[in-house]
Amino acid sequence: QLTRELQTLHTDEELVKELGIRVAINEQDVTEIAVELDGPAGTPYEGGLFRMKLSLPTDYPDSPPKGFFTTKIWHPNVSKSGEICVNVLKRDWKPDMGIKHVLLVIRCLLIEPYPESALNEEAGKALLEEYSEYARYAKLMTSLHAQQPKRHMPLTVSGGNAGSSSVEGGATPLDGSPAVKK
């Protein structure tokens, strides 16, 4: 069932062409899903390319995936470490929702942040108190960290760490900088 869902996402014209969401399939580990998301038009994230990952638990779809931005982003519902806070990934999860629903909700979160459940309190406070300052800083962060690459990630990858930089302990740097081993 999961492989079929991933194949459908991989070729979904609406996701790719209309919404700017591309999903890469890791043939070695289908529980780690790499995603590229174009910043939605009319938002401070417009023009940016955001990479994220969804990690599926062993009991998926009974439990929700965990979502993380691997591209640095300044957003009320994204922690400084990249964790995404959205109800569909927590208490509102239902097994029939699927990965496409999760991706659509995360894209909507870029359009309409929810500062009442902020993981980044500074961004949440700025959004509530002075939208123009929030938007200015979010645009600045987008221009610094979410530059469009000359080409997109491959749609199919193989290997457990395909498409990511490896550092000690297996972590991936969130700022996109190359890792340096000591």
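**Strand pairing, helix packing and cysteines in a predicted model**

Strands β1 (residues 21-26) and β2 (residues 32-38) run antiparallel and are joined by four bridges. The model is a predicted one. A hairpin of five residues links β1 to β2. Within this pairing, Ile21 of β1 has Leu37 of β2 as its bridge partner.

Strand β1 is mostly covered, with six of its six residues buried. In a regular strand, side chains alternate between the two faces of the sheet. Both faces of β1 are covered. One side carries Ile21, Val23 and Ile25, and the other carries Arg22, Ala24 and Asn26. Every residue in these two sets is buried.

The chain as a whole contains five helices and five strands. Along the sequence, these elements follow the order α-α-β-β-β-β-α-α-α-β. The chain has 182 residues, and 41% of them are buried. Contacts between distant parts of the sequence were also counted. Of the contacts with a separation of 6 or more, 59% join residues 24 or more positions apart. The accessible surface of the chain is about 10300 Å². Carbon and sulfur atoms account for 50% of that surface.

Helix α5 was examined in turn. This helix covers residues 131-145, a run of 15 residues. At 1.5 Å a residue, α5 should span 21 Å. The C-alpha atoms at its ends are 21 Å apart, so the expected span and the model agree. The buried residues of α5 are Tyr134, Ala135, Ala138, Met141 and Thr142. These residues cover an arc of only 130° around the axis, and therefore lie on the same side of α5. Their cover includes strand β3 (49-55) and helix α4 (121-129).

Cysteines were considered last. A disulfide is a covalent bond between the sulfur atoms of two cysteines. A search of the whole structure finds zero disulfides. Cys85 has a relative accessible area of 13%. Buried means under 20%, so Cys85 counts as buried. Cys108 has a relative accessibility of 45%. That value falls between the 20% and 50% cut-offs, so Cys108 counts as partly exposed.

Notes
Residues are numbered from 1 along each chain as its sequence is written. This is a predicted model: local features need pLDDT of at least 70, side-chain atom pairs count only at pLDDT 80 or more; totals for chains, interfaces and linings use all residues. Side-chain values use heavy atoms; hydrogens and water are left out. Buried means under 20% relative accessible area, exposed over 50%, partly exposed in between (1.4 Å probe, protein chains only). Contact means heavy atoms within 4.5 Å. Accessible areas come from the Shrake-Rupley method with a 1.4 Å probe; for residues, only the protein chains shown count as cover. The expected span of a helix is 1.5 Å times one less than its number of residues. The arc is that of the directions from the helix axis to the C-beta atoms. Two strands pair if DSSP finds at least two bridges between them. A disulfide is a pair of cysteine sulfur atoms within 2.5 Å.
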